Amino acid sequence: MQKLRKKHQVLLDDSVRVRAYERALKTIVQPGDIVADLGCGLGILSFIAARAGAARIHAVEVEPRTLALAREEAKLAGLEERVVFHEGLVQNIDIPERVDVVVTETMGSLGLDENIVPLILDAKKYWLKDGGTICPCRIAIALVPIDATINYRGAVVVIDSVEEACFLATPYESDPLDLMSTTEQDFVVRPRFTMTRSGLLSGFAGWFTVWLTEKISFSSAPHCTDTHWHQRLLPLREPIAVKEGQQLDVILGIGPDDSGLQSIVEYDFTLS
Ligand SMILES: C[S@@+](CC[C@H](N)C(=O)[O-])C[C@H]1O[C@@H](n2cnc3c(N)ncnc32)[C@H](O)[C@@H]1O
């Protein structure tokens, strides 16, 4: 349990993340609202919604030990009457009523790589009232080719830090994906980069910007205040020499995996 608590403490200590969700939920949740918190972890977003006036929050968590801790936290906060916990995958849970607000923080370091899109599609179909609100509402992803020393520690790929000094081109930013209107599970972008200097292409660094409301957003870009996400690294097995002015066409796809919890991220490129 200690290990689990520690894992979630990292999320709770990420003040960029927590403050943004706090501000957003205070704006979105109206007194008496019914809210769904998809992937509630230790319940922080449910508790924020309760404090913003929600009458009832349906909090769903697939990990049983995490849910047990969340129940304890709800008791400590005196919110056990208003937070209704459900154990299991969001995709397998039925609740007896539709909700005014769906909130989730199931974002990976590349924003869309922790299965948030399929979750939101499911929530729109089965959970949300007509005219209800989804938080977050938009996510954009960014990618840049980098020249950096990459260390392979088993399956884990590490670089010291993603800094502008290792960029080989101007970062690409996707159009924001509108989570309210999207109907597609798969997300594909095809950025084209022109190398701004020669170097060794060792992979790509990626990050995201998320809008929790139209006006409340934050970014995990390297030039922004650091978050627990840092940046995602998409490495090449072997670095490739590139020259200033060369063009790099990339295809990046993100789609659901079979677990219902993670995403498959695939990327390929051609250099000309
Ligand atoms: C990044 S954590 C966020 C936890 C909490 N909402 C917070 O903001 O601190 C995501 C949580 O969602 C849970 N989760 C992810 N996908 C889920 C799914 N499809 N159904 C239920 N729980 C899920 C994970 O087990 C994890 O505890």
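Let me start with glutamate 22, which lies in helix α2, the helix that covers residues 15-28, and I should say at once that what we are looking at is a predicted model. Glutamate 22 counts as partly exposed, because its relative accessibility is 29%, and that value falls between the 20% below which a residue is called buried and the 50% above which it is called exposed. If you then look for leucine 179, you will find that it stands 157 residues away from glutamate 22 in sequence, while the two C-alpha atoms are 20 Å apart in space.

From there, please turn to the open sheet, which is formed by five strands in the order β3-β2-β1-β4-β5, with parallel pairing. The strands at its edges are β3, residues 83-87, and β5, residues 128-135, and because each of them has a single partner strand, one side of each is left without a neighbour in the sheet. From one strand to the next, the twist averages 20°.

Going through the pairs, β2, which spans residues 56-61, runs parallel to β3 and is joined to it by five bridges, and here glutamate 61 stands opposite glutamate 87 of β3. Strands β1 and β4 also run parallel, with four bridges between them, and in this pair alanine 36 has valine 102 in β4 as its bridge partner. Between β4 and β5, again parallel, there are four bridges, and valine 101 is partnered there with threonine 133 in β5.

How much of β4 is covered? Six of its six residues are buried, so we can describe this strand as mostly covered, given that buried means under 20% relative accessible area. Helix α5, residues 116-126, packs on the sheet and touches β1, β4 and β5, and the direction of this helix makes about 155° with that of β5.

Now to the ligand, which is surrounded by 20 residues, the closest being Arg17, Gly39, Glu61, Val90 and Gln91; Glu61 is the residue we have just met opposite glutamate 87 in the sheet. Which atoms of the protein lie 3.0 Å from a nitrogen atom of the ligand? For glutamine 91 it is a polar side-chain atom that lies at this distance, whereas for valine 62 it is a backbone N or O atom, 3.2 Å from a nitrogen atom of the ligand. Glycine 260 likewise places a backbone N or O atom 3.4 Å from a ligand nitrogen. Taken alone, the ligand exposes 600 Å², and the protein buries 92% of that.

I would like to finish in strand β13, residues 199-211, where we find threonine 209. Is this threonine 209 buried or exposed? Its relative accessibility is 17%, and it therefore counts as buried. The side chain of threonine 209 makes a polar contact of 3.5 Å with the side chain of serine 219, and, once neighbours within four places in sequence are set aside, threonine 209 is in contact with Arg138, Ile139, Ala140, Phe218 and Ser219.

Glycine 199 also has its place in strand β13, and with a relative accessible area of 18% this glycine is buried too. Not counting residues up to four places away in sequence, glycine 199 touches Asp147, Leu168, Ile240, Ala241 and Val242. Lysine 3, by contrast, is 196 residues from glycine 199 along the chain, and a distance of 41 Å separates their C-alpha atoms.

Key
Residues are numbered from 1 along each chain as its sequence is written. This is a predicted model: local features need pLDDT of at least 70, side-chain atom pairs count only at pLDDT 80 or more; totals for chains, interfaces and linings use all residues. Side-chain values use heavy atoms; hydrogens and water are left out. Two strands pair if DSSP finds at least two bridges between them. Helices (H or I, at least four residues) and strands (E, at least two) are DSSP runs, numbered from the N terminus. Axes are lines fitted to C-alpha atoms, for helices over the stretch in contact, and angles run from 0 to 180 degrees between N-to-C directions. Contact means heavy atoms within 4.5 Å. A residue is near a molecule or strand if one of its heavy atoms lies within 4 Å of it. A polar contact is a pair of N or O atoms within 3.5 Å; within protein, one must be able to donate a hydrogen and the other to accept it, and residues adjacent in sequence count only if both atoms are side-chain atoms. Accessible areas come from the Shrake-Rupley method with a 1.4 Å probe; for residues, only the protein chains shown count as cover. Buried means under 20% relative accessible area, exposed over 50%, partly exposed in between (1.4 Å probe, protein chains only).
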